[in-house]
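Dear colleague,

I am pleased to hand over the structure below. My findings on its ligand site and overall fold follow it.

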Amino acid sequence: MEQTFIMIKPDGVQRGLVGEIIGRFEKKGFSLKGLKLLTVDQAFAEKHYADLSSKPFFNGLVEYIISGPVVAMVWEGKNVVTTGRKIIGATNPAESAPGTIRGDFAIDIGRNVIHGSDAVESAKKEIGLWFPDGVANWCGLSQ
Ligand code: CMP
């Protein structure tokens, strides 16, 4: 079954949006397979966003991600990568539709509350990075 990596960023955690965000994925029907609250260091954030290292906003993005705890999650279900991105909304909150997480809770592209994998391949890579020991199986035991 398809899985995706979802991260509630420091602004989402600080603003108390964790329950709201988890609720949206749960109510859609997706299954939560992994969840942890953690603060990552610069090297880890740079690895997660390695594909963006040439972008002018890269340093600011890394600084933002390490500024406080994040909630890292693995969600599972049919088409969860694409549908998860729809639930999250466009990267720039100015373009994300009302009813999406960013459309409802964000204004600034640099503080856009949540990250979701953009493809099945990147989801596999990100899940491997954030959950190196694997995630829960169907009966809740660690693999
Ligand atoms: P995310 O879905 O985590 O993927 C890459 C992140 O880079 C994105 O959300 C934004 O937080 C950030 N980002 C993308 N474009 C810009 C930009 N123009 N300025 C600042 N941050 C950006």
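The ligand occupies the largest pocket. A pocket here is an open set of points on a 1 Å grid over the protein atoms alone, where a 1.4 Å probe fits, with protein on both sides within 12 Å along at least five of seven lines; a molecule sits in it if more than half of its atoms lie within 2 Å of its grid points. This is a predicted model, in which local features need pLDDT of at least 70 and side-chain atom pairs count only at pLDDT 80 or more, while totals for chains, interfaces and linings use all residues. Residues are numbered from 1 along each chain as its sequence is written, and side-chain values use heavy atoms, with hydrogens and water left out.

Around the ligand (a heavy atom within 4 Å) are K9, Y49, L52, F57, L61, T91, R102, I109, N112 and H115.

Three polar contacts (N or O atoms within 3.5 Å) involve oxygen atoms of the ligand:
- the side chain of K9, at 2.7 Å;
- a backbone N or O atom of I109, at 3.4 Å;
- a polar side-chain atom of H115, at 3.0 Å.

The protein buries 77% of the 450 Å² that the ligand exposes when taken alone (Shrake-Rupley method, 1.4 Å probe).

As for the fold, the protein has 7 helices and 4 strands (DSSP runs of H or I, at least four residues, and of E, at least two). From the N terminus their order is β-α-α-β-α-α-β-α-α-β-α. The C-alpha trace spans about 40 × 35 × 25 Å along its principal axes.

Yours faithfully

Technical notes:
A polar contact is a pair of N or O atoms within 3.5 Å; within protein, one must be able to donate a hydrogen and the other to accept it, and residues adjacent in sequence count only if both atoms are side-chain atoms. On a 1 Å grid over the protein atoms alone, a cavity is a set of points where a 1.4 Å probe fits but cannot get out, and a pocket is an open set with protein on both sides within 12 Å along at least five of seven lines; lining residues have an atom within 4 Å of a point.
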